[in-house]
Amino acid sequence: MIIHCTVNNRHMEIPVEPWHSLRTMLHNIGCIAVRDSDDGEGFSGSDTVVVNDVPVFANLMLACQVEGCVIRTADDLSTKGRLNYVQQAMIDAGIVQDGYNAPQAALLLTWLLEHDANPTEEAIKDVLSGLFVRDTGYKNYFLAVKLARELRDHGAYKSKIAPEFRENLSIVGKSVSKIDGRQLVAGWKSYVEDRVEPGACSLVMLRSPYAHAYVNEVDTSEAENMPGVVTIITAFNCPDVFYMSAGQGNPEPSPYDRRLFNRKVRHVGDRVAAIVAETMEQALAARENIKVSYEVLPAIFTVEEAMAPNAPIIQNGPAEYLSGAPDGLKAYNMNTDEREGKVVYPFPLHADNRHNIAAGAHGSIGDVAAGFAEADVVIERTYQSSQVQCTPSEPHIVYTKIDNDRLVVHASTQVPFHLRRIVAKVCQIDENKVRVIKERVGGGYGSKQDILIEDVAAYATWVTKRAILSRNSRQEEFIANSTRHPMRITVKMGAKKDGTLTAVYMDVRANTGPYGNHCLTVPMNACSKTLPLLSCPNMKFDVTTYYTNIPPTGAYQGYGAPKGSYALMMCMNEIAHELGVDPLELALKNKVERGFMLEILKSLGEGREGTVVPVGSCGLGTALVKGANMIQWGKHESCDDSDWKIGKGFAMIQQGSGLPGLDHSTCDVVLNTDGTFLIRSGGADIGTGLDTISAKCVAEVMKVDLEKISVVSGDTDITLFDTGSYASSGTYFSGNATLKAARDLERKVLAEAALQMDEDSAALELRYPGIVYSRTTKKELDYAKLSHDALTGIGRGQLVGFGSFVTNNAAIPYGAHFAQVAVNVRTGKVKVQKYYALQDAGTPINPELALCQMYGASLKSIGHSLYEHMILDKNGECTNADFTRYGVPMISELPDDFQAILIDEDDEFGPFGAKSISEIATNGAAPALANAIHDAVGVWIRSWPFTPEKILRELGKLL
Amino acid sequence: MISSFTVATSVEHALQLKREAGSQGVFLAGGTEINRLGTQLTGTIAISLANLPIQSKEKGKNAVTIGTMGTLQMIIDTGFVPDYMKVACRFCASRTRRNMATVGGNLALQRDDSYLMPTVVAAKARLILATLGPDGSIVEENIPIREYLAFKDHFSDSLLLAIVLNKPTRFVSSKRIALTEQSMASVTVALGSDLSSKEIHDVRLCTAVKGSGVFRIPEIEETIANGTYEPVDEPVVFSLPAVEFVDDFTGSATYKRYILGTAIADLFRECRAALGKGGQT
């Protein structure tokens with residue numbers, strides 16, 4: 001049928017099918033800003049459009065319903081490349097980061113301002129209530145509206161956007177428009193889905209209905225003969241290559257315990273077959289006709305079950321070692337079933353796969369037994385964290401194709417170079433045959449550090465030579481993605497009467513689920529990003545990770561730190577109460593300070609001995625004192641309604657800035673022929689502004705405007721190696737590499753100018769807006785002429801700065817988060833009244849983006865603490881595998897008073913003094929909220945999430 | 001999946017189309033359920049109600065009439081609609097969804113996390129609906145909403161036309177208990193009462209409990225009306241022997257039972273406080 005309607009001021013006649021959604025119709029006519037992140041759940045708002053002046057979800061309307069309607073999409077907000085005032089204000093407020101839902105936010109806010117010139121905060125919350133924002137925590141949307149009004153009414157901003165840092169620097173530490181903001185907020189082509197070409201095949205996955213079973217047979221004969229089917233890949237025709245999905249440094253600290261498809265499925269949703277067909281419909285139809293013979297096995301879901309004698313063994317194949325094989329391996333490997341596959345260890349991980357132990361780590365400093373012996377009080381408590389989902393707005397998606405007889409992978413990834421390595425391994429080809437192009441990433445949060453769909457799609461393309469699109473459904477995002485490892489952490493702590501800690505012991509038991517990706521590093525972070533906060537001389541940890549049949553786990557912003565922080569900070573609060581000491585006083589007494597030697601790091605390397613370093617720049621004390629003042633620590637608050645009790649809590653936090661001794665970043669900066677610059681950074685900007693950091697570093701050194709600089713990043717053909725964006729490495733590692741490249745180019749420019757100007761280079765300096773100035777002769781040479789003359793055929797060639805950054809120096813960010821909650825003693829409901837995140841990020845290169853990341857990570861971890869939890873039934877099936885059932889925080893869950901504060905510290909190792917900012921902000925909410933709940937109602941909530949039901953149980957209200 | 005789409009031109013036309021389509025026919029109001037991922041509706045023939053004159057809101061001397069094609073947001077934006085109805089519409093926390101979801105759609109679904117049904121039952125609303133008689137003529141009925149709730153299957157081929165709030169001054173208050181504002185509710189409950197005689201009488205108590213359905217609680221209605229209801233607190237052991245509460249992702253059966261009891265106690269206190277203020281909510 002034909003629909004007559006007006007779309008973005010154009011009268012159109014559009015052919016549709018009765019089942020087409022409005023989104024399908026609009027997408028088909030080129031409105032690419034109308035995206036989809038919930039498969040038509042009507043939750044997240046990526047599909048928001050305005051029909052007859054009313055915002056609606058385009059996925060929830062049939063195309064047929066818009067006959068005669070006037071439709072407006074976000075694609076129409078900018079005119080010939082000129083953004084509207086709302087879009088510009090959004091960029092400048094720092095809220096356009098992963099950007100996947102930014103066009104829809106711009107559409108909604110534009111609509112709001114057209115109907116209400118000066119909306120209240122409540123009106124803004126109302127209009128954004130149907131929009132899911134995971135990256136920036138909503139807070140600065142209010143600032144964006146304020147800025148938009150100022151731009152509209154005055155043509156310029158009156159309000160200060162963010163604090164500024166470093167008066168001696170011109171652009172670093174100042175708020176400027178994020179360089180990829182325009183394309184993201186306008187909804188221009190940016191993401192993998194925007195690169196798919198006509199004729200691309202679709203890949204869908206047949207997944208296991210069982211948590212644990214052998215796959216005895218997969219009959220694809222009928223499906224293979226169905227129309228459009230290109231290939232079907234199963235355990236019986238895939239390469240016999242064992243690898244793992246974690247994008248980590250090589251050799252990886254994870255076992256190779258999977259193939260593309262295995263003879264054994266290990267969780268509900270595990271891969272059984274990939275079906276590639278010319279259309280999605282054909283692939284789905286073929287999937288229905290695949291017959292699988294399973295031999296169902298008993299399943300286990302908890303650490304306790306995995307530890308039990310005679311527990312079902314999840315990875316019961318033989319162990320192989322690429323290095324450091326233990327004695328007795330032959331005996332260890334006896335009596336295995338070939339359907340189990342095998343487990344290959346790049347190096348020993350203290351694993352025992354035949355007893356469900358995926359990895360282990362152990363270490364200590366001082367004499368813990370003696371420390372406990374000298375303590376006046378010793379307590380031991382166990383804390384449990386749950387399995388939570390990253391929920392990036394853009395689901396995992398990849399587009400693979402052959403170009404020039406090479407494999408090209410358009411990926412939404414945090415780790416382009418690791419992805420290239422793993423894909424090459426799976427396809428059994430050399431890395432030079434693979435090109436990975438990292439597109440804009442619509443949210444990663446760690447989950448896109450794992451190679452979850454790219455491996456299968458790439459292999460399918462390599463063997464069929466067909467272009468293939470593979471995209472997870474939202475349900476697949478829950479059941480076949482990386483999630484936070486559930487952990488059971490026991491903390492034993494001893495202290496003297498005055499609050500001095502004498503000994504700390506952490507026993508971490510982590511649940512890695514079916515496969516061992518990140519099974520060492522994530523659980524280790526529960527210790528390595530928490531114990532170094534303390535100056536206690538006697539500390540010990542044991543980390544053990546177990547295989548089970550829960551949905552896969554992996555990297556998630558913070559790695560294991562949020563869970564370790566929850567346990568350690570809770571226990572500190574508990575011992576303070578045992579001692580009768582103010583928890584703040586106890587924290588101040590036992591925290592580290594600049595210069596303290598972090599001996600504990602020696603045993604906390606990721607698979608090898610760590611480097612002991614002193615505490616460097618450290619805003620921990622300032623954050624504690626300032627946060628305490630802000631929240632009026634020690635002042636008891638009460639509520640008129642006696643059902644509501646108010647309490648306060650806090651937590652000290654830290655993270656890292658990449659992995660010193662492991663990470664590596666490289667970059668080059670090219671001086672173009674007209675005097676502009678091209679940065680080629682191996683770093684992977686996942687929306688957090690790394691490309692902007694790169695551009696700012698070059699602008700600062702070369703003394704030019706940002707407009708003179710372009711950035712290409714994360715393309716393995718064009719840029720040089722970088723380990724990728726994880727472990728908070730971007731600013732510190734990739735940024736330092738860019739800074740080194742810029743300084744290298746500065747030297748080369750001065751040297752070239754000295755030749756061209758016939759001057760001593762020592763007398764030359766770079767000056768704004770891009771000239772070489774002679775202090776001796778007062779002569780100037782602009783970059784355009786310099787570059788042109790270097791490239792005239794008689795010059796000395798193109799000037800390229802190169803930077804390679806590795807280090808053993810740590811740039812540790814510190815902070816403290818404070819919370820005030822109100823708890824209803826009759827309903828168990830928790831309201832977050834105040835949440836203050838105070839963090840030391842060194843020099844925040846992009847302060848407005850840094851603040852928004854603090855808001856985003858804080859709200860995300862508030863969600864993990866209060867609401868989010870993947871719930872499995874007795875068969876291991878996730879019963880809340882969509883947004884609505886799962887329960888992510890939306891704008892309605894914002895704390896009443898939500899503030900992010902940047903503590904000013906200048907780091908000696910970071911680029912211009914910068915440290916990481918975002919990941920650390922996930923570490924504070926759980927302990928701060930749990931401690932505040934205790935302060936309010938006197939119960940310790942020792943497991944995530946702190947639901948009303950759990951609080952009621954602790955209060956003795958539920959029998 | 002929808003395979004056919006027709007716009008009904010009149011109520012009669014809509015009902016005829018539904019009769020012709022049989023079990024495959026489905027009235028398409030706002031679309032937030034039919035087109036939603038995970039919908040339980042299985043019809044393939046969509047009958048659009050968009051052009052039917054059942055969107056209006058009218059205020060009479062003693063009644064407010066709301067056309068069932070009115071969206072939840074339209075209700076909120078209409079000044080004369082009683083506040084309790086607006087509160088119930090706001091239980092749908094997403095403005096964008098409220099712009100689409102209709103009163104009729106929400107009532108017809110009778111979901112166990114229904115936004116509106118507990119409130120309209122508590123309000124003693126009446127429902128105007130149309131059915132096609134055996135001879136093809138339209139039969140219009142005006143029934144108490146409790147009848148629709150009790151005999152839903154009987155009205156499966158009917159088209160809801162309007163809801164009538166006969167006594168907009170009636171005390172009605174409701175609560176929705178969910179983990180986040182947009183999570184599915186474990187319990188939604190509403191209490192209604194006539195306070196005009198300076199006493200609590202004509203009580204209606206209706207709840208939607210996830211996994212258990214939508215139902216009235218006559219035994220508590222009775223105790224509230226006769227003055228014997230005693231809200232119990234510490235701890236509440238809420239007894240509803242006829243109702244099976246189930247464990248699910250919104251909470252355990254024990255929790256739902258407790259929180260329903262607590263919510264009823266709170267609503268009762270509100271009601272009593274309103275009585276003290278002369279019936280003002």
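How much area do chain B and chain A bury between them? Hi everyone, let me start there, with the reminder that this is a predicted model. The answer is about 3,900 Å², and 59% of it is on carbon and sulfur atoms. On the chain B side, the residues that lose the most area to chain A are B:Leu179, B:Gln182 and B:Phe249, which together make up 17% of what that side buries. In terms of contacts, 44 residues of chain B touch 48 residues of chain A.

Now for the polar part of this interface. There are 16 residue pairs in polar contact across it, both partners at pLDDT 80 or more. The elements of chain B that each give two or more residues to the side touching chain A are β1 (4-7), α4 (95-98) and α9 (253-276). Of these, α9(B) gives the most, with eight residues. If you like to sort by class, that side of chain B has 18 nonpolar, 16 polar and 10 charged residues. The two chains also share three salt bridges. One pair to pull up on your screens is A:Asp126 with B:Arg95, whose side chains meet in a salt bridge at 2.6 Å, N to O.

Let's move inside chain A, which is divided into five pieces: domain 1 (2-76), domain 2 (85-192), domain 3 (196-297 + 394-443 + 447-481), domain 4 (487-659 + 810-954) and domain 5 (665-805). I picked domain 2 and domain 5 of chain A, whose centres, taken over C-alpha atoms, are 30 Å apart. Here 12 residues of domain 2 are in contact with 13 residues of domain 5. The area buried between these two domains of chain A is about 950 Å², with carbon and sulfur atoms giving 63%. On the domain 2 side, A:Ile171, A:Lys178 and A:Ile179 lose the most area to domain 5, together 51% of what that side buries.

And how many salt bridges does the rule find across this domain interface? Zero between domain 2 and domain 5 of chain A, although six residue pairs there are in polar contact, both at pLDDT 80 or more. By class, the domain 2 side has five nonpolar, three polar and four charged residues.

One last stop: A:His267, in the loop between β9 (264-265) and β10 (271-277) of chain A. Is A:His267 buried or exposed? A:His267 counts as buried, because its relative accessibility is 2%. Its side chain reaches the backbone oxygen of A:Ile479 at 3.4 Å. Beyond its neighbours within four places in sequence, the contacts of A:His267 include A:Tyr210, A:Pro514, A:Tyr515 and A:Asn549. Thanks, all!

Definitions and conventions. Residues numbered from 1 in each chain as written. Chains lettered and ligands numbered in written order. Predicted model: local features only at pLDDT ≥ 70, side-chain atom pairs only at ≥ 80, totals over all residues. Heavy atoms only, no water. Contact = heavy atoms within 4.5 Å. Buried area = accessible area lost by both parts, 1.4 Å probe. Salt bridge = Lys/Arg side-chain N within 4 Å of Asp/Glu carboxyl O. Polar contact = N/O pair within 3.5 Å; in protein donor to acceptor, adjacent residues only side chain to side chain. Helix = DSSP H or I, 4+ residues; strand = E, 2+ residues; numbered from the N terminus. Nonpolar A, V, L, I, M, F, W, Y, C, P; charged D, E, K, R; others polar. Buried < 20%, exposed > 50% of the residue type's maximum accessible area, 1.4 Å probe, protein only. Domains from an automatic or database assignment.
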